[in-house]
Amino acid sequence: MNAKTSRALRLVQDVSAGSRHDNLSADLSLEFVELLARINFSFLQGASHPEEMVETAIKLGYRGISICDLNGLYGVVRGFNTVRSPSHFTASVHADESFRYHFGTELTLTEEISVVLTPIDKKGYSQLCEI
């Protein structure tokens with residue numbers, strides 16, 4: 001286990017034990033991208049607002065994040081706006097050019113079958129919106 005991974009593990013353990021970290025570490029820089037992040041618009045699936053998810057990923061040094069709601073693209077625009085133009089009214093963080101923002105949806109086809117759709121360009125996003 002390298003130093004960054006061990007620091008990340010300590011941070012997760014501290015947070016789950018109830019410690020508060022206001023400075024979540026710009027030096028952490030994990031080679032990690034969450035691909036199926038659920039936000040609070042996915043009923044009973046996620047708890048955080050898209051803005052909070054994106055800001056936390058940036059603070060933790062993630063290379064990016066992919067918001068993937070259940071059966072919809074509910075928080076896509078809010079997450080995108082947080083990456084591209086952070087709020088001037090809150091102490092928001094600024095993503096550097098290398099931060100990747102992805103999005104998609106997990107469509108439930110039957111009770112047992114679901115599929116994750118993640119567009120790779122504007123045409124794919126347009127087609128996904130039509131579904």
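This is a short talk on one predicted model, covering a helix, a pocket and the cysteines.

Okay, let's start with helix H2, which runs over residues 50-59. Which of its residues are buried? Pro-50, Met-53, Val-54, Glu-55, Ala-57 and Ile-58. Yes, there's a glutamate in that list: Glu-55 counts as buried too. And what sits over them? The cover on the buried residues of H2 includes two strands, E1 (33-37) and E2 (64-70), along with H3 and E3. Just past the end of H2 you'll find Gly-61, with a positive phi of about 80°.

Now, keep H3 and E3 in mind, since they come back in the pocket. The largest pocket has a volume of about 400 Å³, and 14 residues line it. Nearest its centre are Phe-80, Tyr-101, His-102, Phe-103 and Pro-119. Where does the lining come from? Helix H3 (76-84), strand E3 (100-108) and helix H4 (122-130) each put in at least two residues. So H3 and E3 help cover the buried residues of H2, and they also contribute to the lining of this pocket. By class, that lining breaks down into nine nonpolar residues, four charged and one polar.

Last thing, the cysteines. How many disulfides does a search of the whole structure find? Zero. Take two of the cysteines one by one. Cys-68 counts as buried because its relative accessibility is 1%, and the cut-off for buried is under 20%. Cys-129 is at 46%, so it counts as partly exposed; exposed would need over 50%.

That's it from me, happy to pull any of this up on the screen.

Conventions. Residues numbered from 1 in each chain as written. Predicted model: local features only at pLDDT ≥ 70, side-chain atom pairs only at ≥ 80, totals over all residues. Heavy atoms only, no water. Disulfide = S-S within 2.5 Å. Buried < 20%, exposed > 50% of the residue type's maximum accessible area, 1.4 Å probe, protein only. 1 Å grid on protein atoms, 1.4 Å probe; cavity = no way out; pocket = protein on both sides within 12 Å on 5 of 7 lines; lining within 4 Å. Points joined across faces, edges and corners; volume = space filled by probe spheres on them. Helix = DSSP H or I, 4+ residues; strand = E, 2+ residues; numbered from the N terminus. Nonpolar A, V, L, I, M, F, W, Y, C, P; charged D, E, K, R; others polar. Contact = heavy atoms within 4.5 Å.
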